[in-house]
Each structure stands twice: as C-alpha cells, then as structure tokens.
Amino acid sequence: MDARPSTLEAWTSEAISVVQLGHPDIQRVRTSGRRHTLLLPYDGAGFYAMVAGTSWLIPDGGTPTLLRAGDVVLLPHGTGHVISDRPSHTGRPPALSPTRRLMTAESAKEDDPEETVLLCGKYWLDCSRLHPLLAEMPQVVHLSVREDRHTEVRSAIDILSYELDGKRPGSCIALPSLLDLLLVYTVRAWMPDNVGGIWPRVLGDPVAAAALRALHSDPSAPWSNDRLAAEAGVSRPTLARRFTALIGRPPMAYLTWWRLILAATHLRDTSDTLATIAGKVGYGSPYALSHAFDREFGVTPGRYRAEAVVRVTSAEDSPKDDGTDSLRIAAGM
C-alpha cells in the first residue's frame, strides 16, 4: 500500500495543530497610490492573498517578490518584511507591530493607479517546538494560484473573501476554520516543490513512511524496535539504519519526542490531569511523563501549562480592527 497520501495529510494537519495558538486573524485591505510599511517579525505565520492589483513583498534580508492578482504568499516563520508598491525604497518605512492591523491609506488621488486589494492573515504559533515539516519550510512560500494545480488554494481564498464582510450568519465561526484550511492547503501545495527536503525523501521511502505512519496512528501503543520493524516489514537493523538516516534520530527517540509534543498540546488545550495525559501519550505514570517532559523542554508540565495559558490568551486577545487600535499603510513615502 502506498503510504504517501495518508501520511502527508496526517503530518500536515499534526504539524500545524501542535503549534497553533488561539484563533487566526484576517482582514481585507484596499490601497492605492504610493505606500509601504514594515511588518515586524513575530512568533507565527502570516499570509497575503492578492485579490486585485499588485504589491511587492520584501522580506528581511531576502529578494523582493512581486505579488499579482491571484497570488498567495505564506511566511511560515513570521519573517519581518515590507509591503510596498515598489521593489525598493529609501529610508525606513513606518513599523507595524504584529498585533496591529493594516488599514487603507487615505491619501489616494484621482490619478492613482488601479486599486490594490489584498487579504492579510496571521496565525499565532508556539515556535519553540516546530514540527520538522514546518521547520524546513523557506522564509517565503510564493504560490501563483492562477495555475491549475493550486485550485484548492484559490477556492479557499474566494470563500474567505466572500465571508469577510461579516454580515452573513455564522461568519465569525466560518472564518477561523477557513483560515486553518487555507494554511493546510498552502503547506500541501508547497510540498511537491520541496524536492530537496527531508520529508519528500521520507515519504518516498516505504520503510520510513510505514514506520512513521504506524507511530503517528497509535503513539501510545507499547512500541519497540522489533515491533516497529515487523510493522514496516524489514529487519530491526534495516529499520534503524534507514529511519535514522532520513529523519535524523532513531525510531524510539523520535517516538519519545512525538509523545512529548502531544503531551504539550494536551497541557495547552485541555484541563486533563497529568495522569490522564500520560495514559493518552503512552507513559505509565505521571511521574515518568513529568521527568521526560522536563528533560526534553527544560520545564515541568505544570509550569508549561501555566505559561501556555498566557500565550494562548495573548494570541486570542490580540487587537482587532476597531478603527482606533490600528496603524495605516504609509502613503507617499
């Protein structure tokens, strides 16, 4: 059986869910004329979708990227960047905090070029434990969704734009789910182009893919190297050699890491006791989980949970566009 589709789908969803904090945020921005602004780096991922017109995205230390209508760009690591009507500029543009929103410039003139419309979104992430799938993504992922192969991304953008007016029943519930879907679609669209990355090689290796699929399907099972080798249909030395060469750590070390990542997610997102979480992720006692957790992350589960509440609350309470707590795209710079 080919493990590629199901394994890729599982990893993409898990890689996002274990690090996401709070609800993502989105807005529609309309601009025209001369404008540019600096977006400061932050712990998260951001995206732009060009609905009409053009803009330049200039990442810190990177090459300017021209965004045309129909393009989507994802910044998986919250890289600082400038959004501008030009590929270069003089002086330092006004800085915009990641907790603030862009707004339309008000200095447009009658002879301004065609209006630019873009969707801007942010995902707040706990970047201290990025899944390797996300960690190996580049600073900027640029998709031209005019291409037929990115039709699902285009569909998500169209629906998001439709829901953004806020006047339809249930839009406040639909938008966060659509934003999560867009992130999954964008990561999935990038994967075929990541031919030199770790995970395409893992997915192309039937032994490593089978072992990972087994571990992720039932991480709390009493796995051993012998049992996992039997699941992958190879000898124990063959499994150890191929798994370690591709993923960078032995199978049981990877399983320990993944169990602790899942434990951290439960601590962050639920009120389950440590004993309950230990059972869910494959530890025989809360003491064993606590010891392993402290060794991996340098913090006790209780302290991690308390700090996670602060991080989630901060993400949930980031300022929204109420017309008073916003900065504007700078015009005429």
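1. Let's start with His-216, which sits in helix α6, the stretch covering residues 206–217. In this predicted model, His-216 has a relative accessibility of 10% and so counts as buried, the cut-off for that label being under 20%. Its side chain has a partner: a polar contact of 2.7 Å joins His-216 to the side chain of Tyr-254. If you have the structure open, these two side chains are a good place to begin.

2. Next, the charged pairs. How many salt bridges does the structure hold? The count is 9, and three of them are described below, beginning with Asp-205 and Arg-242. The closest N and O atoms of Asp-205 and Arg-242 lie 2.9 Å apart. This salt bridge links distant parts of the chain, with the two positions 37 residues apart in numbering: Asp-205 belongs to the loop between α5 (198–204) and α6, while Arg-242 is part of helix α8, residues 236–247.

3. Are the two partners of that pair buried or exposed? Asp-205 counts as buried, since its relative accessibility is 12%. Arg-242, with a relative accessible area of 29%, is partly exposed.

4. Helix α8 also supplies Arg-236, which pairs with Asp-226 of helix α7 (residues 225–232); the two are 10 residues apart, and the pair again links distant parts of the chain. Their side chains meet in a salt bridge with an N to O distance of 3.7 Å. Here both ends are partly exposed: Asp-226 has a relative accessibility of 49%, and Arg-236 has a relative accessible area of 44%.

5. Now have a look at Arg-268 and Asp-269. Their side chains form a salt bridge, at 2.8 Å from N to O. Arg-268 is the buried partner, given its relative accessibility of 9%. Asp-269, on the other hand, counts as partly exposed at 48%.

6. Finally, helix α10, which runs through residues 274–281. Which of its residues are buried? They are Ile-277, Ala-278 and Val-281. Looking down the axis of α10, you will find these buried residues within an arc of 105°, so they line one face of the helix. Just past the end of α10 comes Gly-282, whose phi is positive, at about 100°.

Key. Residues are numbered from 1 along each chain as its sequence is written. This is a predicted model: local features need pLDDT of at least 70, side-chain atom pairs count only at pLDDT 80 or more; totals for chains, interfaces and linings use all residues. Side-chain values use heavy atoms; hydrogens and water are left out. Buried means under 20% relative accessible area, exposed over 50%, partly exposed in between (1.4 Å probe, protein chains only). Helices (H or I, at least four residues) and strands (E, at least two) are DSSP runs, numbered from the N terminus. The arc is that of the directions from the helix axis to the C-beta atoms. A polar contact is a pair of N or O atoms within 3.5 Å; within protein, one must be able to donate a hydrogen and the other to accept it, and residues adjacent in sequence count only if both atoms are side-chain atoms. A salt bridge is a side-chain nitrogen of Lys or Arg within 4 Å of a carboxyl oxygen of Asp or Glu.
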